[in-house]
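Please look over the structure below before reading on. The text then goes through its parts one after another.

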Amino acid sequence: MTSFDSIQADATAIADTIKNTELTATDTASASLDRIKQLNPALGAFTDVTETKALSDAQEVDRQVATGSYLPLAGVPFAVKNLFDIEGMTTRAGSKINRTNPPAAADAFLVSRLKSAGAILTGGLNMGEYAYDFTGENIHDGNCLNPHDTSRMAGGSSSGSGSSVASGMVPIALGSDTNGSIRVPSSFCGLFGLKPTYGRLSRHGTFPFVGSLDHLGPMTRSARDLALVFDVLQGPDPMDPAQANKPFLATTTELRNGIDGLRIATAGGYFRNNAEPEALAALDAVAAAVGASREVEIPGAARARAAAYVITASEGANLHFDRIRSRPEDFDPDTRDRFLAGTMIPALWVQQAHRFRSWFRAMMSKMFENLNIILTPTTPFAALPSGTKTITLAGQVMPARPNIGLFTQPISFIGLPAVSVPIWLEGASLPIGVQVIAPAWREDLALRVAHHLQEIGVAKAPVAAL
């Protein structure tokens, strides 16, 4: 394996190669940085590259490997959405306004977890402004493009995370997911993306969007990498009051258990009625591969999506109210106007949305008493052309930007864990995701299904042929 080829391998293979001293962490860090220099000008995935620090960190990893230290992600390059704090850099959160803030004094908790495991941070990634976006189009840093077709969106708001991994610049990226911002770019860019259970991972050291909905998680090119990274990211952090007091959940070792004994169903109704043919074909292919002959309807899914929208707009507007009032001209007009609309939502609507949230959570919990996994499309369609303003679903014309997450939003609403798995239909030029949803705190089940689908060749995440 050459140093250039190594960056296009998955994280598990890279770490194994370095532990076996076939390559060094310095080799893989250099290969990643070279590929970023080669590809990023055309894709716009990275906003900041930490070249000097990455090479220094790689040398330290090589020293630790030589002394026999156990590093599960030894020498694996990674990058993070630029709402994660990176020591010495200003946390942009995809905005113009934040650039006047002082540099971060320390790395975000999850960044520190990956570094402690031997991973090498290569930089910060492009994103939708303040994470209020599903397209990956940013007027301040430029649009982030899809490496499988650069005329298409990468998806957002974790656009740079999707584009950087799918293009082989890094094998791991971290993103955030409030309403679907890990799963949407995973679907558009053809990746495995995990939104863990709400409260599972610390959010300390990241710029917030909607405190009651924000999640953080990884995006990778293999299900085993997703499990490995998730295992590394787990750990208690008293600095995040929303983090639940849950024991460590081993998922990497559980992958070998496959899907035997799992009760799996597909979701119909709302999730079929609003899907385009390619999304339904991908769902049906996955259902056939796992023997999911049962279809269920999730009562209130459309209302859940609407309620999540109300909470998102209201909480997001409250967070940004002073910025809207003092610097309205420094927002993307689309983002600003959505926040402005959020300031006018009646308090009664927000209260009702939270009441419905309690009902929906209890209903889904009851449904999972008889099921282990529910499958849905991740997005209603494959990646849209850049600049698309409207879409038509079920005969209804609607704005594209807020509605790409029609299928992810009801799941974030109640914090359930979900993995988006990448499906390439026969003859398709673009991938599309299928969402594997598990009960709360059972990420292991969703990861087992994702791994099985990859093992049998139904799900795959090749590096884009740029």
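What follows describes the sheet, the helices packed on it, and then the pocket and cavities.

The model shown here is predicted. A good place to start is the sheet. Its 11 strands form an open arrangement with mixed pairing, in the order S1-S3-S2-S6-S8-S7-S14-S15-S11-S9-S10. At the two edges are strand S1 (46-49) and strand S10 (294-296), each of which pairs on one side only. From one strand to the next, the twist averages 30°.

One pairing within this sheet can be followed in detail. Strand S7, residues 192-195, runs antiparallel to strand S14, residues 418-423, and 3 bridges join the pair. In this pairing Gly193 is opposite Ser420 of S14.

Two helices can be placed against the strands. Helix H10 (residues 277-290) packs on the sheet and touches strand S9 (264-267), strand S11 (373-377), S14 and strand S15 (432-437). The direction of H10 makes about 155° with that of S11. Helix H8 (residues 223-233) lies across strand S6 (172-177), S7, strand S8 (215-220) and S14. Relative to S8, H8 runs at about 145°. S14 is thus named among the strands for H8 and also among those for H10.

Next come the spaces in the model. The largest pocket has a volume of about 260 Å³. It is lined by 15 residues, and the closest to its centre are Asp334, Arg338, Lys389, Arg401 and Pro402. Helix H12 (333-343) and helix H14 (400-403) are the elements that give two or more residues to this lining, and H14 has the largest share with 3 residues. By class, the pocket lining consists of 5 nonpolar, 4 polar and 6 charged residues.

There are also 3 cavities of 30 Å³ or more. The largest cavity holds about 110 Å³ of space. Of the 15 residues lining it, Tyr132, Phe134, Asn179, Thr312 and Arg338 are the closest to its centre. At least two lining residues each come from helix H11 (301-326) and H14, with H11 giving the most, 3 residues. The lining of the largest cavity divides into 6 nonpolar, 5 polar and 4 charged residues. Arg338 is listed both for the centre of the largest pocket and for that of the largest cavity.

The second largest cavity has a volume of about 70 Å³. Its lining includes Pro196, Thr197, Tyr198, Asp214, His215 and Asp240. By class, this lining has 5 nonpolar, 3 polar and 4 charged residues.

Note on methods: Residues are numbered from 1 along each chain as its sequence is written. This is a predicted model: local features need pLDDT of at least 70, side-chain atom pairs count only at pLDDT 80 or more; totals for chains, interfaces and linings use all residues. Side-chain values use heavy atoms; hydrogens and water are left out. On a 1 Å grid over the protein atoms alone, a cavity is a set of points where a 1.4 Å probe fits but cannot get out, and a pocket is an open set with protein on both sides within 12 Å along at least five of seven lines; lining residues have an atom within 4 Å of a point. Grid points are joined across faces, edges and corners, and a volume is the space filled by probe spheres set on the points. Helices (H or I, at least four residues) and strands (E, at least two) are DSSP runs, numbered from the N terminus. Ala, Val, Leu, Ile, Met, Phe, Trp, Tyr, Cys and Pro count as nonpolar, Asp, Glu, Lys and Arg as charged, and the others, Gly among them, as polar. Two strands pair if DSSP finds at least two bridges between them. Axes are lines fitted to C-alpha atoms, for helices over the stretch in contact, and angles run from 0 to 180 degrees between N-to-C directions. Contact means heavy atoms within 4.5 Å.
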